[in-house]
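Here's a walk through one model, with its ligands, a pocket and a few backbone oddities along the way. Have the sequence and the 3D view open as you read.

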Amino acid sequence: MAKILVTGGLGYIGSHTVVELIQSGYEVVIVDNLSNSEKTVLDGIESITGVLPAFEELDICDEKAFQNCMTKHAKIDAIIHFAASKAVGESIEKSLDYYRNNVFGIIQLLSLMRNNNIKHLIFSSSCTVYGQPDKLPIDETAPRKPATSPYGNTKQMCEDIITDAITSYHDFTAILLRYFNPIGAHPSAKIGELPKGVPNNLVPYVTQTAAGIRKELSVFGDDYNTPDGSAIRDYIYVVDLAKAHVKAMQRLLACENKKEIEIFNLGTGNGVSVLELVKTFMNATGVNLPYKIVGRRAGDTEEVWADSSFAEKELGWTAKTPLTEVLASAWNWEKKVRGIK
Ligand code: NAD
Ligand code: UFG
C-alpha cells in the first residue's frame, strides 16, 4: 500500500481526494495548517471511509515542522500538493502573502522532497493559467497568457519552478493538473466546500442564497458575446476531479509516463453559462433563486471550457456526473451545514 502525503488535505478538493485515495487502498498522511479548513473535516472523512487518516497540523512553510513530519511518517511514496491560498481578489490585496504561501511553499516542498528521497508529485494548477484563450475548447498545448492576478501568477510560477527543478535534478516526476471550475459536494453530504465569509465563487453563493443567507445572487454581466450574454465556464464535479487524482497517482507510481513532467486539463468539455447554471439549480432542487443582473466583475474571462481528451486517453478518466446531480449535491451539503430539512 503506497503512502501518500496530501498537503491541504482538509480543504475542499483535498478532502474529497483523500476519500478517493483511501477508498482506492492508499495510506494517507494529511498536512494542513487549518488556515482555510476545519479539523472536523477529518470526522467526515472517517465517517465516509471508515478510516481515520494520519493528520499533522503544520504550515508547509515551516521547514522544521515539515521535516519532522516526513521523518515521522517515512517512507512517503508521493505527494499531492493542494495547500495554497486561492482567493483571486484577496491575492490582489495581499500579494506578498500569496507569493509567500504559494511560491515559497512549493520551493520548500520540492527541497524537502529531494532531502527525503520522495520522487513523485501531483500539483494543483488551474485553467486560470490560460487566461482568455484564443480558441475553444482549451487543450494543454494552448499558450499560457499573462496572469491577471497575483494568484494566477503564483500558479504559473509554481508550474515553472516544478519544471525547472525537474530539469535541474532529474530525480523525480510530476503531474500538473489544471482544474477548471470544481463544484459540488460528496454525495454523503459529510464533506463539502466551507467558504469563510462571503463566497467569491458562484456555486457557494447560489447555495447560500437558496438557504436565505444571501438576499440575491448577482449575475456578473449579461453583455458577453455568448448565447445568453452571461459568462461561460466548465463546471466539474469535485468527486470526479478527486478520482482524476487517483488515476494520476496510479500513473505516477507505475512510472507509466515516460516523461518527467506531464500536464492534464481536468474539465467536462461542456461550457455552461451563469444563467444556465442558475436555471439548472432551480430545476434540480425546486428552490427559487432570486437573482439580478449587475455589471461584469473585473478580471473575469468571457468563456472557458476544457478539452480533456488527453486525460481521457492517457489516464482513462472522464468527468461523468450530470450538472443537475452535482448542483443537488451542493444544495444537500448547504442544507446539512445550515441544519435545513
Ligand atoms: P482550500 O482552501 O479549500 O484548501 C486548501 C487547504 O490548504 C486548506 O485546508 C488550507 O487550510 C490549507 N493550507 C493553505 N496554506 C497552507 C500551508 N501553508 N500549510 C498547510 N496547509 C495550508 O482550497 P481548494 O479549493 O481545495 O483548492 C486546493 C488547490 O487547488 C489549491 O492549490 C488551489 O489553488 C487549487 N485550485 C482550486 C480551484 C477552485 O476553484 N477551488 C481551481 C483551480 C485550482
Ligand atoms: N459569478 C457571478 N456571481 C457570483 C459569483 C460568480 O455571476 O456571485 C460568475 C463569474 O463572473 C464567472 C462565473 O460565475 O463568470 C464563475 O465564477 P467563479 O468565481 O465561481 O469562478 P472563476 O471562473 O472566476 O474562477 C475559479 C476560481 C479560480 C480558478 C478558476 C479556474 O475562483 O481560483 O475557477 O479554476 F482559477
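## Ligand 1: who surrounds it

Let's start with strand 5, which gives the most to the shell around ligand 1, with three residues. Bear in mind that this is a predicted model. Strand 5 covers residues 120-126, and helix 1 (12-23) and helix 6 (150-169) join it in supplying at least two shell residues each.

How many residues surround ligand 1? The number is 26, and the closest are Asp32, Asn36, Ser37, Asn101 and Tyr151. Sort that shell by class and you get 12 nonpolar, 10 polar and four charged residues.

## Ligand 1: polar contacts

A few distances are worth pulling up on screen, each one ending at an oxygen atom of the ligand. Ser37, already listed among the closest residues, puts a polar side-chain atom 2.7 Å from an oxygen of ligand 1. For Lys155, a side-chain N or O atom sits 2.9 Å from a ligand 1 oxygen. With Gly11 the backbone does the job: one of its N or O atoms is 3.3 Å from an oxygen of ligand 1.

How much of ligand 1 does the protein bury? On its own the ligand exposes 820 Å², and the protein buries 95% of that.

## Ligand 2

Now for the other ligand. Around ligand 2 there are 23 residues, with Ser126, Phe180, Ser218, Arg233 and Asp300 the closest. By class the shell has 13 nonpolar, six polar and four charged residues.

Which atoms of the protein make polar contacts here? Ser218 offers a backbone N or O atom 2.7 Å from a nitrogen atom of ligand 2. Leu202 also uses its backbone, with a polar atom 2.9 Å from a ligand 2 oxygen, while Asn181 brings a side-chain N or O atom to 2.9 Å from an oxygen of the ligand. Taken alone, ligand 2 exposes 690 Å², of which the protein buries 89%. Helix 7 and strand 8 (217-220) are the elements that give two or more residues to this shell, and strand 8 gives the most, with four.

## The second largest pocket

Rolling a probe the size of a water molecule over the atoms shows where empty space is left. The second largest pocket has a volume of about 200 Å³. Its lining is made of 17 residues, and those nearest the centre are Glu193, Pro195, Pro204, Trp333 and Glu334. Two elements give two or more residues to this lining: helix 7 (202-210) and helix 11 (323-338).

Which element has the largest share of the lining of this pocket? Helix 11 does, with five residues. By class, the lining comes out as nine nonpolar, four polar and four charged residues. Helix 7 is worth a second look, as it contributes to this lining and also to the shell around ligand 2.

## Salt bridges

The model's count comes to 19 salt bridges. One to zoom in on is the pair Lys243 and Glu20, whose side chains meet at 3.2 Å, N to O. This pair links distant parts of the chain, with Lys243 in helix 8 (residues 238-254) and Glu20 in helix 1, 223 residues apart. Helix 1 also supplies at least two residues to the shell around ligand 1.

## Backbone oddities

Most residues other than glycine have a negative phi, and most peptide bonds are trans. Where does this chain depart from that? The bond from Ala74 to Lys75 is cis, with omega near 5°, and Lys75 sits in the loop between helix 3 (63-72) and strand 4 (78-81).

The peptide bond from Leu136 to Pro137 is cis too, with omega near -5°. Pro137 is in the loop between strand 5 and helix 6, two elements that each supply at least two residues to the shell around ligand 1. Finally, His170, a residue other than glycine, has a positive phi near 50°. Look for His170 in the loop between helix 6 and strand 6 (173-179).

Notes: Residues are numbered from 1 along each chain as its sequence is written. Chains are lettered from A and ligands numbered from 1 in the order in which they are written. This is a predicted model: local features need pLDDT of at least 70, side-chain atom pairs count only at pLDDT 80 or more; totals for chains, interfaces and linings use all residues. Side-chain values use heavy atoms; hydrogens and water are left out. A residue is near a molecule or strand if one of its heavy atoms lies within 4 Å of it. A polar contact is a pair of N or O atoms within 3.5 Å; within protein, one must be able to donate a hydrogen and the other to accept it, and residues adjacent in sequence count only if both atoms are side-chain atoms. Accessible areas come from the Shrake-Rupley method with a 1.4 Å probe; for residues, only the protein chains shown count as cover. Ala, Val, Leu, Ile, Met, Phe, Trp, Tyr, Cys and Pro count as nonpolar, Asp, Glu, Lys and Arg as charged, and the others, Gly among them, as polar. On a 1 Å grid over the protein atoms alone, a cavity is a set of points where a 1.4 Å probe fits but cannot get out, and a pocket is an open set with protein on both sides within 12 Å along at least five of seven lines; lining residues have an atom within 4 Å of a point. Grid points are joined across faces, edges and corners, and a volume is the space filled by probe spheres set on the points. A salt bridge is a side-chain nitrogen of Lys or Arg within 4 Å of a carboxyl oxygen of Asp or Glu.
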